[in-house]
Amino acid sequence: MRIGAIPGLRLRNLEKVESDYNIYKITVYEGFNEEYITFCTPECTRAIDEYLKMQQQYGEKLTQDSFLIREQFDVRDPFAISKCRQLRSNTLTKKLIDLAERSVIREKEILVAGSNRKRAEMRKDVPIAHGFRKFFTTQVVEGDLKTELR
């Protein structure tokens, strides 16, 4: 899934598929010409369920119109919890960069004094979000998985 599609996801876009593998069927870009359906892994399903459980434990009232992933909030502030704000895609990108650097998947960028290049302008060989999608596609092709299942 494209990183830009994640902030717009709402709980109504998830449908749990009960089978040997508990997974979610996800409707992406609901109501647009680009709408499509995808599925997540059982590990992702567990992570989503735990995340939603955590939100409820802190007092958030979840509805079908609630955002799947919301902006961070102070757990000690009931007002912040009740005022759910949509996550922005650049927040996800920054988080992915931070995680990639801390896990040494990507080398940390160190700007040289006097450099006028901004961090966002520095291109990488493997894009931070799209690179994961490309990796997945490569694994599917090398695993000889049918294209329609991909």
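This tour visits a sheet, two helices and a pair of cysteines in a predicted model.

**The sheet**

Begin by selecting residues 14–17, which form strand E1, and residues 36–39, which form strand E3. Add residues 23–28, which make up strand E2. Together, the three strands build an open sheet in the order E1-E2-E3, and their pairing is antiparallel. E1 and E3 are the edge strands, since each of them pairs on one side only. From one strand to the next, the twist averages 25°.

Now keep E2 and E3 in view. How many bridges join E2 and E3? The two strands pair over four bridges, in the antiparallel sense. To examine one position, display Lys25 and Phe39; Lys25 stands opposite Phe39, which lies in E3.

**The helix on the sheet**

Next, select residues 42–57, which form helix H1. Which strands does H1 touch? The helix packs on the sheet and touches E1 and E2. Compare the directions of the two elements: that of H1 makes about 80° with that of E2.

**Helix H3**

Move to residues 89–102, the 14 residues of helix H3. A distance drawn from the first C-alpha of H3 to the last reaches 20 Å, close to the 20 Å expected at 1.5 Å a residue.

Show the side chains of Leu92, Ile97, Ala100 and Glu101, which are buried. Why do these residues lie on the same side of H3? They do so because they cover an arc of only 165° around the axis. Then turn the view to the face directed away from the buried side of H3, where the exposed residues Lys94 and Arg102 are found. After H3, select Val104; the phi angle of this residue is positive, near 65°.

**The two cysteines**

Finally, select Cys40 and Cys44, and show their sulfur atoms. Are these residues buried or exposed? Cys40 is buried, with a relative accessible area of 12%, whereas Cys44 is partly exposed, with a value of 32%.

Why is there no bond between the two sulfurs? The sulfur of Cys40 has its closest cysteine sulfur in Cys44, at 4.0 Å, which is too far for a bond. A disulfide requires the two sulfur atoms to be within 2.5 Å. The view from Cys44 leads back to Cys40, whose sulfur is the closest cysteine sulfur to that of Cys44. A search of the whole structure likewise finds zero disulfides.

Key: Residues numbered from 1 in each chain as written. Predicted model: local features only at pLDDT ≥ 70, side-chain atom pairs only at ≥ 80, totals over all residues. Heavy atoms only, no water. Pairing = 2+ DSSP bridges. Axes fitted to C-alpha atoms, helices over the stretch in contact; angles between N-to-C directions. Contact = heavy atoms within 4.5 Å. Expected span 1.5 Å × (residues − 1). Buried < 20%, exposed > 50% of the residue type's maximum accessible area, 1.4 Å probe, protein only. Arc of directions from axis to C-beta.
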